[in-house]
Amino acid sequence: MERVTKLVSERPVVIFSKTSCCMCHTIKTLLHDFGVNPTVYELDQMSKGKEIEQALLMLECSPIVPAVFIGGELIGGANEIMTLHLNRTLRPMLNRVGALWV
């Protein structure tokens, strides 16, 4: 859990992902289209990926990936990010943490 906390506190937007996950790809593409350069941790390519998955489970991430943190706070997965986007609240949230170049 401490490792996840440290990783998400280092950058404005952090995504825990897996290379084979189509929803992870969708969320990364959406954020890139906004002009955000998120820090992405591909759990299936990390030596400690399984440990991070367990920590994400303890944070009640379900499904585990994509797990999106904005400003160090767990926002959720694809459903939550798409809901914020459709409600037009995602962009202001990204702007507040300095993730957008306006």
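The largest nonpolar core of this predicted model holds 18 residues. Those with the most contacts inside this core are L31, F34, V36, I70, I81, L90 and L94. Two or more residues each come from β1, α2 (22-34), β3, α4 (78-86) and α5 (90-96). Helix α2 gives the largest share, four residues.

I81 shows how the chain comes together here. With its neighbours within four places in sequence left aside, I81 is in contact with I27, L30, V68, I70, I75 and L90. Another core, of 17 residues, lies apart from the 18-residue one. Among the residues of this other core are V8, V14, C61 and F69.

**The sheet and its helices**

Four strands form an open sheet in the order β2-β1-β3-β4, and their pairing is mixed. At the edges are β2 and β4 (73-76), each of which pairs on one side only. From one strand to the next, the twist averages 25°. In general, strands of a sheet pair through backbone hydrogen bonds, either parallel or antiparallel. Here β1 and β2 run parallel and are joined by four bridges. One residue pair to look at is I15 with its bridge partner in β2, V40.

Two helices can be placed against these strands. Helix α1 (residues 2-9) lies across β1, β2 and β3 and runs at about 135° to β1. Helix α4 packs on the sheet, where it touches β3 and β4, and its direction makes about 85° with that of β4.

**Aromatic pairs**

A pair of aromatic rings is described by the distance of the centres and the angle of the planes. The whole structure contains two such pairs, set out below.

| Pair | Centre to centre | Angle between planes | Type |
|---|---|---|---|
| F16 and Y41 | 5.5 Å | 25° | stacked |
| F16 and F69 | 5.8 Å | 85° | edge-to-face |

Both F16 and Y41 are buried. Their pair links distant parts of the chain, with F16 in strand β1 (residues 13-17) and Y41 in strand β2 (residues 39-42), 25 residues apart. In the pair of F16 and F69, the planes stand at 85°, so this pair counts as edge-to-face, a class that takes angles over 60 degrees. F69 belongs to strand β3 (residues 67-70) and F16 to strand β1, so this pair ties together parts that are 53 residues apart in sequence.

Ring pairs link F16, Y41 and F69 into a cluster. How buried are two of these rings? F16 has a relative accessible area of 0%, while F69, at 4% relative accessibility, also counts as buried, because the cut-off for buried is under 20%.

Definitions and conventions:
Residues numbered from 1 in each chain as written. Predicted model: local features only at pLDDT ≥ 70, side-chain atom pairs only at ≥ 80, totals over all residues. Heavy atoms only, no water. Phe/Tyr/Trp six-rings, centres within 6.5 Å; stacked < 30°, edge-to-face > 60°. Buried < 20%, exposed > 50% of the residue type's maximum accessible area, 1.4 Å probe, protein only. Core = buried A, V, L, I, M, F, W, Y, C linked by side-chain atoms within 4.5 Å. Contact = heavy atoms within 4.5 Å. Pairing = 2+ DSSP bridges. Axes fitted to C-alpha atoms, helices over the stretch in contact; angles between N-to-C directions.
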